[in-house]
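Please open the structure in a viewer and keep the selection panel at hand. The tour below proceeds selection by selection and states what is to be found at each stop.

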Number of protein chains: 2
Amino acid sequence: MSGVSSRPLKVILPDSELPRHWYNALADLPSPLEPVLSPATLQPVTAEELGRIFPPALLEQEMSTERFIPIPDPVREAYLAFRPTPLYRARRLEESLGTPARIYYKYEGVSPSGSHKTNTALPQAYYNREAGIRRLATETGAGQWGSALSMACRQFGLGCTVYMVRVSYEQKPYRRILMHAYGAEVLASPSERTLAGRQTLARNPDSPGSLGIAISEAVEDAASHDDTNYALGSVLNHVLLHQTVIGQEARAQLSLVGEYPDVVIGCFGGGSNFAGLALPFLADKAAGKEVRLVAVEPSACPSLTRGAYAYDYGDTAGLTPIMRMYTLGHGFVPPGIHAGGLRYHGASPLVSRLRHDGLVEAVAHHQSEVFTSAIAFTRAEGILPAPESAHAIHQAVVEARQAAEEGRERVILFNLSGHGHFDLAAYEAYLGGKLQDYVQSDEELAQGLAALPQVAAG
Amino acid sequence: MSGVSSRPLKVILPDSELPRHWYNALADLPSPLEPVLSPATLQPVTAEELGRIFPPALLEQEMSTERFIPIPDPVREAYLAFRPTPLYRARRLEESLGTPARIYYKYEGVSPSGSHKTNTALPQAYYNREAGIRRLATETGAGQWGSALSMACRQFGLGCTVYMVRVSYEQKPYRRILMHAYGAEVLASPSERTLAGRQTLARNPDSPGSLGIAISEAVEDAASHDDTNYALGSVLNHVLLHQTVIGQEARAQLSLVGEYPDVVIGCFGGGSNFAGLALPFLADKAAGKEVRLVAVEPSACPSLTRGAYAYDYGDTAGLTPIMRMYTLGHGFVPPGIHAGGLRYHGASPLVSRLRHDGLVEAVAHHQSEVFTSAIAFTRAEGILPAPESAHAIHQAVVEARQAAEEGRERVILFNLSGHGHFDLAAYEAYLGGKLQDYVQSDEELAQGLAALPQVAAG
C-alpha cells in the first residue's frame, strides 16, 4: 500500500502469502460436469487415451473434485520470481470517469513472458518433467502461450516444440523470436513435420494455417513420441485451476484494504484469464455472498453470448476429445481481430457450465470501443494493456459509468492479464483510425453451428 | 525473499522503504566539477541561459552539493506505482557458470515504460509542472527515453513533443506508437517544425537524422516557446541524481540478506543507468569500503575506454553547453549497434570525473559477446534483457567466470535496466548469425577528436 497517501494505490502481498493451493471450482458445482467424449468412440474418453499426451498428475487435476490442490514447492519457487503480482487501484481512471466506483486491477504483466500464461506453463512443465517427459509440443496463435511455455520448459529442463500458425509466424515475428531466445523450436504450421501438416500442405501449399491445424499437429507430435506430451494454454480444467493463484491473491489483497468486489471481470477466449481471477470468488457466491462474475468476449467471436451450449470438438479438424461447452462450431473462423488470444470458437466447459447455470454473466464488446477504453486506461494509469486484457478494462469502464449514473458506490475488480508491448501494431491501427468491427448475422453464426458432432447433450 | 528456499531468489523492499532522498554524488567528489561553458561565449554558462530551457528546481539540483535531496511526495507517489523494484539473485545463471560468485541484479523492467528511464522522467515532468511549464520537448533515438517521458508528462498533465531520429521513426515504429498511445506528439527528425530541422532538410531532404540533430530541434523548440522546456534522459547531474533510487534500494535489499557487493556493474551510454546503481555505493567507497564500480560500454562506442577527457559539446551540431567529459568528439557517428541507448559520443561529466580520478572502472565489450551472455541469462533466469542492459550482464558473467577460475567467492551486483520486449529484431539478428562487431582503429577515433572545441581543460 502506498506510504504517501491515505488512499491505496498499490497493494502488495508478501511472498509468504503466495497461495499454497490452487482452488478447484469443480468442488463447488451443483452437479458434476458432463464427461468428455472420445472423438473415435463418442464414448467417455479413457484415462489411457488421454495418458498418451498428458501426465498422470494433470489428468488427476482435470478430474479432481478436491476443493484445494497443493501447489508443489518447485512451482511455488518458480512463481515467486514474479508473484504475488501487484493489485492496483485505478485512481486516475476513476477520476477521469468521474465515478464513485472504486476500480481495482490485478496486474499479471510483470510475469517474464508478459502475461498470465506463465501461471499454468510452469506447473505443466513441472508435472511433465516429474513424469519423465523430455519434451512438450504445443500450438500457438500470436504467441503469448507459446512464449510462456517456452520459458517454463527451459526452467524445468524440457525441450519445447511450438507449432505457430503460419500467418502469425510470418507477420508477427516478435513472439516467435522470443520463443527462440528461450531455446524453443518453432515451426510454421502447417509444417512438414506431421502427417496433419503434410496433408494440409498437399491440399494447399500456401495454407496460412489455423489454430485448429496447429493443435492437430501438436497433438499428433505428442501422441507419436513416447518422450513427448502435449500442453494446452486454456479451456481445460487443470489450466483454469493453475490460474486461480490470480484470484486468490486479489481476494487477499482487497481484504488487506478492507474491500470486497461487487463485480469481478475478466476477458474471455478459452476461459483461463477470466477463470483465474473469478473462480476464487465462486465459493463466496455459493456461500451466499453477492458478487457478480462477468466474462467479456469480443463481439466478433461471441461464443458465450451467441453460441450454442452443446458438445463440440476443441479443434477445427475434429481430432480432440468432444466437450460440452458454449461453441460457435469447430468450423467457425473468427475474424482477424487484434485480440488474437480471444479468437477461439469454443469455451472452457467449466465456465460454460457456470454460465449455463447463471453463476457467471457474459457480455461482448466491439474492438473499437475496447481500444478506446485501452487508450483511456493507458493515459490514466501509465500501463499499456494487451488487447485481450483491454476487453476487461472496457467492461470495468462500463460498470464505473453505470455507477456514476446511478450515483452509488461500487467496487470493481478486473484482470489486467498482460502488457501490450508486443501489440503495438494493433494500437497503431486503432490510433490511425483503421480498426474494423465485425458483426455476424444470426444466419452466419448458424452455419458454424450446423456441423456440431451428433451427440445427445445431457 | 523466497519463502520456500533458504537461499534468496528475490528480495522485496516494502513500500515504506522507498527512498525519501536522492543521493547526490557531487557531495563526495574530492573537488568540484569544472563549470559547464556557454557555446556562445565559451565562458561559464549562466543560470539565465539555462533557465530558458530548464526549471529552477532542476538547475538547483544540477549544481547542488547537498548529499541528500528530498524526493517530493507527488514523485514518491508516482514511483510507488512500480517501485521499489525487485532485486534478484541469479541462481540458475550462477549454476550454469559453475561459479562460486553470488550474482544479484536489480530489475528495472517492471516500470510501465519497461526501463529505468521512468525514474527521471517523473521528477522532470513534476518540477516543470510546478514551474508553470505546459509542455516538454525532447529527443529520442530508438525511443526508450521518449516513451518514458511521454508517460510521465501524461501523469503530470503536460504536453510532450518528441523529436525522434527519422531512421528510427521509420524503421522502429513500436516505441513511436507507444508514445502516441501516451498522447505525445512525435515528429520524425529532422522536421519542418524547427529552423535546425528545416536547414538540415534543405541540405539533405533524405536526411536519416541523428541524435545530435534531434537534440538541436528539441532545444530550439523549448528555447523559442515560453511555456515549453527541454528534458534530457541522461548525462546531466540531475538526471543521474534521480536514478540513484536504484542503487539506494539495491543497497538496502542486499543488506536485508546480509550481503555487500564486491563489484557493482552498469551499462554505460550517457551514464544514468550505471550511475543510478553505482553512485549510492560511492559514499561507502569514500569511507574506505572496498567496492569496485564498473561501467560497461559497447566497443563500438568506447567513450570511457578510448575517448579523450576534454571539453566538448553535448550534441553534434554544437548548440549545447560545453562540458568536460570523456568524448569521442561531437562529430563521432557510432556504428549501428543494437544497443541504441548506448550510442552516444560523450559521457556524463560526473562519471567522467570519477573515471578520471580512478574511482570508477570502465570496460568495453563487443555486441556479439554481449548477446551470447544475454541469451544465456534469458534461458537461465527467464527474463529477456534489453540489449543495453545485456552489456552489464556480460560483465557480470566475466566477473563470475574469473571468480570460478580463482576459486573464490565474490558478490556481484548489476543493473538489469530494462526488458527486451521492444528489441526482438536485435535478438533475431543475433540468433540468425547476422550480428556484426565493429572495431575502430586509433586513426579513425582520432578523427572524431580532431574537432573538439578549443577550450583549455583544467
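The model is predicted. Begin with B:Arg135, which at 16% relative accessibility counts as buried, because the limit for that class is under 20%. B:Arg135 belongs to strand S6 of chain B, a run covering residues 135-140. Display its surroundings next: beyond the neighbours within four places in sequence, B:Arg135 is in contact with B:Leu158, B:Gly159, B:Cys160, B:Thr161, B:Asp221, B:His225, B:Asp227, B:Thr228 and B:Asn229. One of these deserves a distance label, since the side chains of B:Arg135 and B:Thr228 are joined by a polar contact of 3.1 Å. For a sense of scale, draw a line from B:Arg135 to B:Ala25: the C-alpha atoms are 30 Å apart in space, and the two residues are 110 apart in sequence.

**The second largest cavity**

B:Ala25 leads to the next stop, as it is part of the lining of the second largest cavity. Select it together with the other lining residues, B:Tyr23, B:Asn24, B:Leu26, B:Asn237, B:Leu240, B:Leu241, B:Leu279 and B:Leu350. The space enclosed is about 30 Å³. Colouring the lining by class gives 7 nonpolar and 2 polar residues, with no charged ones. Which helix gives the most to this lining? Helix H11 of chain B (residues 237-256) does, with 3 residues.

**The largest cavity**

A search of the whole structure finds 2 cavities of 30 Å³ or more. The largest holds about 40 Å³ of space. To display its lining, select B:Pro298, B:Ser299, B:Ala300, B:Ile337, B:His365, B:His366, B:Gln367, B:His391, B:Gln436, B:Asp437 and B:Tyr438. By class, this lining comprises 4 nonpolar, 6 polar and 1 charged residues.

**Helix H18 of chain B**

Proceed to helix H18 of chain B, residues 424-431, where B:Leu424, B:Ala426, B:Tyr427 and B:Ala429 are buried. What covers these buried residues? The cover includes helix H16 (367-381) and helix H17 (387-406) of chain B, and also helix H8 (173-181) of chain A. Just after H18(B), select B:Gly433, which has a positive phi, near 70 degrees.

**B:Asp284**

Now select B:Asp284, located in helix H13 of chain B (residues 282-286). Is this residue buried or exposed? B:Asp284 counts as buried, at 12% relative accessibility. Apart from residues up to four places away in sequence, B:Asp284 touches B:Arg251, B:Tyr260 and B:Lys289.

**Across to chain A**

In chain A, select A:Leu33, in the loop between strand S2 (21-23) and helix H1 (47-51). With 22% relative accessibility, A:Leu33 counts as partly exposed. Its contacts, not counting residues up to four places away in sequence, are A:Leu26, A:Asn237, A:Pro349, A:Leu350 and A:Arg353. A:Ala295 lies 262 residues from A:Leu33 along the chain, and their C-alpha atoms are separated by 19 Å.

**The two chains together**

Finally, show both chains and superpose them. A turn of 180 degrees, with a shift of 0.0 Å along the axis, lays chain A on chain B with an RMSD of 0.0 Å. The two copies are therefore related as by a two-fold rotation axis. Colour the interface last: 100% of the interface residues of chain A are also interface residues in chain B, so the copies meet through the same surface.

Key: Residues numbered from 1 in each chain as written. Chains lettered and ligands numbered in written order. Predicted model: local features only at pLDDT ≥ 70, side-chain atom pairs only at ≥ 80, totals over all residues. Heavy atoms only, no water. Least-squares fit on C-alpha atoms with pLDDT ≥ 70 in both. Contact = heavy atoms within 4.5 Å. Helix = DSSP H or I, 4+ residues; strand = E, 2+ residues; numbered from the N terminus. Buried < 20%, exposed > 50% of the residue type's maximum accessible area, 1.4 Å probe, protein only. Polar contact = N/O pair within 3.5 Å; in protein donor to acceptor, adjacent residues only side chain to side chain. 1 Å grid on protein atoms, 1.4 Å probe; cavity = no way out; pocket = protein on both sides within 12 Å on 5 of 7 lines; lining within 4 Å. Points joined across faces, edges and corners; volume = space filled by probe spheres on them. Nonpolar A, V, L, I, M, F, W, Y, C, P; charged D, E, K, R; others polar.
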